[in-house]
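Me: I'm in my first year and would love a close look at one part of this structure, a place where two helices meet. Could you explain what goes on there, and then show me how the rest is arranged around a few chosen residues?

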Amino acid sequence: MTTDQLTEAHRCGRLYAALAELQKLSSGPHHSLGSPGSARQIATEPRKHLTEHLEKAGKYLLDARNRGNGTAAAAVFRMLPDLLPESKELPGDLRTDEKRERFGEGRDQQAAEIEKALKAL
């Protein structure tokens with residue numbers, strides 16, 4: 001397995017964390033990306049499950065603003081470009097344990113960065 005594949009898995013995990021937080025800010029604590037089943041699916045097949053949420057990021061930002069969470073959502077939204085995988089599209093398959101582990105590490109790392117950024121607001 002190449003380092004590039006593991007790096008892409010890590011970046012997908014980070015992207016997932018940011019999109020999940022953005023969706024949470026837009027719709028409340030019971031958001032689809034926050035469910036354990038959703039997280040497992042995305043960790044396995046990011047292109048299939050995460051692309052639609054990436055396409056909805058602007059809507060999440062607007063909805064969050066309308067809920068009074070605009071400042072926090074804008075901070076998370078601005079993180080997105082730096083979290084995109086370097087390839088032209090999201091990886092289609094992260095089925096190995098090592099890739100899913102890297103996805104989880106990226107998700108946890110980004111969640112901690114988001115928490116720190118939002119506390120600073």
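Reply: Here is a walk through one helix pair, followed by some residues elsewhere in the chain.

Before we start, keep in mind that this is a predicted model, in which local features need pLDDT of at least 70, side-chain atom pairs count only at pLDDT 80 or more, and totals for chains, interfaces and linings use all residues. Residues are numbered from 1 along each chain as its sequence is written, and side-chain values use heavy atoms, with hydrogens and water left out.

How confident is the prediction? pLDDT is the predictor's confidence in each residue, from 0 to 100. Its mean over the chain is 91, and 97% of the residues reach 70 or more. Among the elements of the chain, helix α5 (residues 70-77) has the highest mean, 98, while α2 has the lowest, 85. That is good to know, as α2 belongs to our pair.

Now to the pair itself. Helix α2 spans residues 36-44 and helix α3 spans residues 46-55; helices here are DSSP runs of H or I with at least four residues, numbered from the N terminus. The axes of α2 and α3 come within 6 Å and cross at roughly 115 degrees, where axes are lines fitted to C-alpha atoms over the stretch in contact and angles run from 0 to 180 degrees between N-to-C directions. On the α2 side, the meeting residues are Gln41, Ile42 and Thr44, and they face Pro46, His49 and Leu50 of α3. Contact means heavy atoms within 4.5 Å. By type, the residues of this contact split into three nonpolar, three polar and no charged.

Look at α3 by itself next. Its buried residues are Pro46, His49, Leu50 and His53; buried means under 20% relative accessible area, exposed over 50%, and partly exposed in between, found with a 1.4 Å probe on protein chains only. These buried residues lie on the same side of α3, because they cover an arc of only 100 degrees around the axis. The arc is that of the directions from the helix axis to the C-beta atoms. Turned away from that buried side is a face carrying the exposed residues Lys48 and Glu55.

Back in α2, we can set two residues side by side. Thr44 counts as buried because its relative accessible area is 17%, whereas Arg40 counts as exposed because its value is 57%. Beyond its neighbours within four places in sequence, Thr44 is in contact with Gly92, Asp93, Leu94, Arg95 and Arg100. Arg40 and Asp93 are 53 residues apart along the chain, and their C-alpha atoms are separated by 12 Å.

Leu94 takes us on to helix α1 (residues 3-27), where Ala9 is found. With residues up to four places away in sequence set aside, Ala9 touches Leu94, Lys99, Arg102 and Phe103. Ala9 is buried because its relative accessible area is 0%. Between Ala9 and Ser32 there are 21 Å in space, C-alpha to C-alpha, for a separation of 23 residues in sequence.

Another residue of α1 is Ser26. At a relative accessible area of 8%, Ser26 is buried too. Its contacts, leaving aside neighbours within four places in sequence, are Tyr60, Asp63, Ala64 and Arg67.

Leu118 sits in helix α7 (residues 97-119). It is partly exposed, because its relative accessibility is 23%. Its partners, not counting residues up to four places away in sequence, are Glu21, Ala72, Ala75 and Val76. Leu118 and Ala75 are 43 residues apart along the chain, yet their C-alpha atoms are separated by 7.6 Å.

Finally, try a loop residue. Gly68 lies in the loop between α4 (57-66) and α5. With a relative accessible area of 66%, Gly68 is exposed. From Gly68 to Leu90 there are 22 residues along the chain, and their C-alpha atoms are separated by 31 Å.

Notes: Helix = DSSP H or I, 4+ residues; strand = E, 2+ residues; numbered from the N terminus. Nonpolar A, V, L, I, M, F, W, Y, C, P; charged D, E, K, R; others polar.
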